[in-house]
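Biologist: I have a model open on my screen and would like to learn how to read it. Could you take me through it feature by feature?

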Amino acid sequence: MKTTFFALLLMICAFTACTEADSKKNDSMLTIDEAKETKAIMQTIENETSCFFKGDYNCWKENFVQANYAFQVWSKDGYFDPKIGWHEVDDKIGRYIEDNKVGVGGSNNPKVLRKDMIVKFFSDNVAYLIWNQYNSDKKLTHYIHSTETRIMEKQDGKWKIVNVTALWDRNQPIPIASLK
């Protein structure tokens, strides 16, 4: 219960900060081709997910803003695990990737579905995304649902991840055949 409360509080704070940033938007902001930028953002997100689940540390870290304001939090089995700042994200997630290697060509979660995607651009170089994600098990028998958010920042023309929030519901596996 405390984990759920903390996660909701975190999302409300992120939403409030984003809403304030949106209300202060500069009128000179360039018109954004949201479809094109969303496609580029999704390429980064899909690449990061693939690299992470395959255990490719160097590939994974190339998708992140490597700054003191980087943030990642997961929930698992009734607790949450926040990492604040690139040094901590890199250290903890890098170790996790190294400790959970899969064989060549393998993946811890070979199939990932994303549904109900909401994308909000706050400028031409900052975006917020939220969706439902379904992560398969190794044998492709069931999915585990997670609610995911990302804050993305465009650096040197490339979208990178600033914030990952992943709230997993491991207690209710979903049969693979029930989702298309």
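Modeller: Gladly; we will go through charged pairs, a pocket and the nonpolar cores in turn. Keep in mind that this is a predicted model.

Biologist: Let's start with charges. How many salt bridges does the structure hold?

Modeller: The general idea first: side chains of opposite charge can pair when their charged atoms come close. In this structure there are 5 salt bridges.

Biologist: Which residue does Lys92 pair with, and how far apart are the closest N and O atoms?

Modeller: Lys92 pairs with Glu88, and their closest N and O atoms are 3.1 Å apart. Both residues sit in helix H4, which covers residues 86-99, and being 4 residues apart they are separated by about one helical turn. Look at their surroundings too: Lys92 is partly exposed, at 31% relative accessible area, and Glu88 is partly exposed as well, at 27%.

Biologist: And what does Arg95 form a salt bridge with?

Modeller: Its partner is Asp91, with the closest N and O atoms 2.5 Å apart. Arg95 and Asp91 are also 4 residues apart in helix H4, about one turn of the helix. Arg95 has a relative accessible area of 44%, so it counts as partly exposed, and Asp91 is partly exposed at 36%.

Biologist: I also see Asp81 and Lys83 meeting in a salt bridge. Is Lys83 buried or exposed?

Modeller: Lys83 is buried, with a relative accessible area of 0%. Asp81, on the other hand, is partly exposed at 25%. Their side chains meet at 3.4 Å, N to O.

Biologist: Now the empty space. How much space lies in the largest pocket?

Modeller: The idea is simple: rolling a probe the size of a water molecule over the atoms shows where empty space is left. Here the largest pocket holds about 570 Å³.

Biologist: Which residues lie nearest the centre of that pocket?

Modeller: Those are Phe52, Trp74, Tyr96, Trp168 and Arg170, out of 30 residues that line the largest pocket. By class, this lining has 10 nonpolar, 10 polar and 10 charged residues. Among the elements that each supply at least two lining residues are helix H2 (34-54), H4 and strands E1 (71-76) and E6 (158-175).

Biologist: Phe52 caught my eye. What is Phe52 in contact with, leaving aside neighbours within four places in sequence?

Modeller: Phe52 touches Trp60, Trp74, Ile93, Tyr96 and Ile97. That leads us to the cores, where you look for buried nonpolar residues joined through their side chains. The largest nonpolar core has 27 residues, and Phe52 is one of those with the most contacts inside it, together with Ile41, Ile45, Trp60, Ile93, Leu129 and Met152.

Biologist: Which elements supply at least two residues each of this core?

Modeller: They are H2, helix H3 (57-61), H4, E4, E5 and E6. H2 gives the most to this core, with 6 residues. There is also a second, separate core of 5 residues, including Tyr134, Tyr143, Ile176 and Leu179.

Biologist: One last residue: where does Glu37 lie, and what does Glu37 touch?

Modeller: Glu37 lies in helix H2. Not counting residues up to four places away in sequence, Glu37 touches Ile32, Phe121, Lys154 and Trp159. The cut-off for buried is under 20% relative accessible area, so Glu37, at 11%, counts as buried.

Terms used
Residues are numbered from 1 along each chain as its sequence is written. This is a predicted model: local features need pLDDT of at least 70, side-chain atom pairs count only at pLDDT 80 or more; totals for chains, interfaces and linings use all residues. Side-chain values use heavy atoms; hydrogens and water are left out. A salt bridge is a side-chain nitrogen of Lys or Arg within 4 Å of a carboxyl oxygen of Asp or Glu. Buried means under 20% relative accessible area, exposed over 50%, partly exposed in between (1.4 Å probe, protein chains only). On a 1 Å grid over the protein atoms alone, a cavity is a set of points where a 1.4 Å probe fits but cannot get out, and a pocket is an open set with protein on both sides within 12 Å along at least five of seven lines; lining residues have an atom within 4 Å of a point. Grid points are joined across faces, edges and corners, and a volume is the space filled by probe spheres set on the points. Ala, Val, Leu, Ile, Met, Phe, Trp, Tyr, Cys and Pro count as nonpolar, Asp, Glu, Lys and Arg as charged, and the others, Gly among them, as polar. A nonpolar core is a set of buried Ala, Val, Leu, Ile, Met, Phe, Trp, Tyr and Cys residues joined through side-chain atoms within 4.5 Å. Contact means heavy atoms within 4.5 Å.
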